[in-house]
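Hi everyone, thanks for coming. I'd like to walk you through one structure today, so please have a look at it before I start.

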Amino acid sequence: MKAFVLAAGYGTRLRPLTSALPKPLIPVLNLPAICYTLFLLKEAGIRDVICNVHYRAAAIREFFDRHGDFGLNLTISEETDILGTGGGLKKCEHLLNDGEFLLINSDIIADFSLTQLIDSCRAQGTSGSLMLYRTPLARSIGDIGIRDGMVVDFRNRRKTGRRSDFIYCGAAVLSPDIFQYLETGFSSIVDTGFTGLIDHGGLGYWEHTGFWHDIGTLESYRDLSAVHHRELLSLSQRMRLMIDQQPRLIDPDADISPEATLESSVIGAGCRVGPGAVVLRSVLLPGTSVGTDETVTDTIVCRTGPITPSPYQPERKQP
């Protein structure tokens, strides 16, 4: 099976972090975000990968070159004009029209079993199947309408009245049937391809019950690193086996004074933390520093200066 990785977006909600780096290369526990996606693909036995790029495409190409494409049979689809999730996939129809394939985002931070998603789609006999995740925040994120074990709506756009606690979490198995519903220009795969499959052949789903995290905003990025890092660290051994890379809280190239205090924080390569410094629930991106006796709390420290998103709010539990 082949995979199509979506990596062309601007990551505007993560600015200023994405002013210098494309979102797929933003470090998550000192590992570029796209590495978590590549790990999932390799663990599922997928080696033929097409990756679309646009924003800071050269940086993504250089990243793959530096790592020997991670042993993948990699094809880069560069978009001169960004085409969106639908148009970007349509552009690569000639590479994916020979059988079912996996569609996946380049910022998946989760412990998915893509094999289970693939098996589920085949068992359902549908033209596609989405990976869904249950969360009490579904209505604010964008909930999925479900009926009789099938996906029928997104945010009630189709006026079905079907709402749920499920969200689409960025992975799907699709048949080439989807290409007849996609558009060649800029478009969303939800409004074109997914809707077309719902109306012709059906769109199934598989529920992911492990962990899944979004890094779409500065708040969610900081919280993933400072609050939920244990879940990512639990993948270390598996990731090292698959891609020879692993998440870590402190990069070996960081210079940290023994008189500094660190708590639930991520320290990047080339960072310096001085004597008496206190770093709490924060992320220090590569090459940044916290000076002597300085305190940073709930902060992202980047080269342009500190960013303090809204305070962490624990996820609301379902009643």
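**The enclosed space and its surroundings**

Let's begin with the largest cavity, whose lining is made up of Pro 27, Leu 29, Asn 30, Tyr 221, Val 266, Gly 268, Val 283, Leu 284, Leu 285 and Pro 286. Keep in mind as we go that this is a predicted model. The space inside the largest cavity comes to about 30 Å³, and the structure has one cavity of 30 Å³ or more. What classes of residue make up the lining of the largest cavity? Eight are nonpolar and two are polar, with no charged residues.

Now to a pocket. The second largest pocket holds about 640 Å³ of space. It is lined by 27 residues, and those closest to its centre are Leu 21, Leu 25, Pro 27, Leu 285 and Pro 286. You may recognise some of those names: Pro 27, Leu 285 and Pro 286 are also in the lining of the largest cavity. By class, the pocket lining splits into 16 nonpolar, seven polar and four charged residues. Which helices each supply at least two residues of this lining? They are helix H1, residues 17–20, and helix H3, residues 57–66. H1 gives the largest share, with three residues.

Next, two helices that I'd like to show you side by side. Start with helix H2, residues 34–43: nine of its ten residues are buried, so the rest of the structure largely encloses it. The buried ones are Ile 34, Cys 35, Tyr 36, Thr 37, Leu 38, Phe 39, Leu 40, Leu 41 and Lys 42. Notice that a lysine, Lys 42, is on that list. Just past the end of H2, Gly 45 adopts a positive phi of about 80 degrees.

Helix H8, residues 190–199, is the other one. Why do I call H8 largely enclosed by the rest of the structure? Because eight of its ten residues are buried. Those eight include Phe 194, Leu 197 and Ile 198, along with the glycines Gly 193 and Gly 196. And what do the buried residues of H8 pack against? Their partners are helix H4 (84–91) and four strands: S4 (101–105), S6 (128–134), S8 (150–154) and S9 (166–174). Here too a glycine follows the helix: Gly 201, just after H8, has a positive phi of about 110 degrees.

Strand S4 takes us on to strand pairing. Strand S1, residues 2–6, is mostly covered, with four of its five residues buried. S1 runs parallel to S4, and five bridges join them; within that pairing, Ala 3 has Leu 102 as its bridge partner. S1 also pairs in the parallel sense with strand S2, residues 48–53, again over five bridges. There, Phe 4 is matched with Ile 50.

Finally, let's look further along the chain. An open sheet of three strands has the order S13-S16-S19, with parallel pairing. Its edge strands, each pairing on one side only, are S13 (261–263) and S19 (295–297). From one strand to the next, the twist averages 0 degrees. Strand S16, residues 278–280, runs parallel to S19, and three bridges connect the two. One of the residues involved is Val 278, whose bridge partner in S19 is Thr 295.

That's my tour, and I'm happy to go back to any part of it.

Technical notes: Residues are numbered from 1 along each chain as its sequence is written. This is a predicted model: local features need pLDDT of at least 70, side-chain atom pairs count only at pLDDT 80 or more; totals for chains, interfaces and linings use all residues. Side-chain values use heavy atoms; hydrogens and water are left out. On a 1 Å grid over the protein atoms alone, a cavity is a set of points where a 1.4 Å probe fits but cannot get out, and a pocket is an open set with protein on both sides within 12 Å along at least five of seven lines; lining residues have an atom within 4 Å of a point. Grid points are joined across faces, edges and corners, and a volume is the space filled by probe spheres set on the points. Ala, Val, Leu, Ile, Met, Phe, Trp, Tyr, Cys and Pro count as nonpolar, Asp, Glu, Lys and Arg as charged, and the others, Gly among them, as polar. Two strands pair if DSSP finds at least two bridges between them. Axes are lines fitted to C-alpha atoms, for helices over the stretch in contact, and angles run from 0 to 180 degrees between N-to-C directions. Buried means under 20% relative accessible area, exposed over 50%, partly exposed in between (1.4 Å probe, protein chains only). Contact means heavy atoms within 4.5 Å.
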